[in-house]
Amino acid sequence: MWKKLLFGFVLFLFVLSLSVNLVAFDLDFYDSENVDVDEVKVLRGYFMFQDVELDGYDSEELSHLKDVRLLFVLNLVLTFGLLLVLVFFLRDYVYSGLVSLGLVTLLLPFSLAFSWAFIKFHEVLFWNDAWMLDSNAKLIALFPESFFLACFLQIILYSVMFSLFVIVLGGKK
């Protein structure tokens, strides 16, 4: 039983990390949220270790972007690592999908207290205060908190869809 729960949790982490990647690199999503897509392309290039100029950002913003880039890299590694585990070891798709779906739905209340959750997210995942940017910072203007709420909800939607897909896939076996 604990093995099934463990694989449900691993699946949950996989669908969550995959969903983060899909949202983070989807230019259409940024466009739909009225974010400057040209600037997003520059930042995406930076996150992919391309040689780009990050004009208009102060030292705190540049430090935060460096930290964010590291988190993106770690998330990509996590996504592929978890995929390998799931491909080789996942057997009970329906149960794992149900566990994943249940865990994803437990994240929904955070959308109701998103400001609090957003701060806690930063306190947990960032090891310095570079994320506490001035309200006039370019990054704040480019990506207001409402944008991150939209990201969060899109990530939840994708995670629910992937979990349901795994359940359906398991029901067909």
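**Pockets and helix packing in the predicted model**

Helix 6 makes the greatest contribution to the lining of the largest pocket, supplying 10 residues. The structure is a predicted model in which local features need pLDDT of at least 70 and side-chain atom pairs count only at pLDDT 80 or more, whereas totals for chains, interfaces and linings use all residues. Residues are numbered from 1 along each chain as its sequence is written, and side-chain values use heavy atoms, with hydrogens and water left out.

The largest pocket (on a 1 Å grid over the protein atoms alone, an open set of points with protein on both sides within 12 Å along at least five of seven lines, its lining residues having an atom within 4 Å of a point) holds about 1700 Å³ of space. Its lining comprises 48 residues, of which V20, F121, L125, F126 and F148 are the closest to the centre. By class, this lining divides into 41 nonpolar, 4 polar and 3 charged residues, where Ala, Val, Leu, Ile, Met, Phe, Trp, Tyr, Cys and Pro count as nonpolar, Asp, Glu, Lys and Arg as charged, and the others, Gly among them, as polar.

Helix 6 (residues 114-125) packs against helix 8 (residues 145-172) at an angle of about 85°, with the axes 11 Å apart. This angle makes helix 6 roughly perpendicular to helix 8, a label that covers 65 to 115 degrees. In this contact (heavy atoms within 4.5 Å), helix 6 contributes F114, S115 and F118, while helix 8 contributes E145, F148, L149 and F152.

Note on methods: Axes are lines fitted to C-alpha atoms, for helices over the stretch in contact, and angles run from 0 to 180 degrees between N-to-C directions. Helices (H or I, at least four residues) and strands (E, at least two) are DSSP runs, numbered from the N terminus. Angles under 35 degrees count as roughly parallel, over 145 as roughly antiparallel, 65 to 115 as roughly perpendicular and the rest as oblique. On a 1 Å grid over the protein atoms alone, a cavity is a set of points where a 1.4 Å probe fits but cannot get out, and a pocket is an open set with protein on both sides within 12 Å along at least five of seven lines; lining residues have an atom within 4 Å of a point. Grid points are joined across faces, edges and corners, and a volume is the space filled by probe spheres set on the points.
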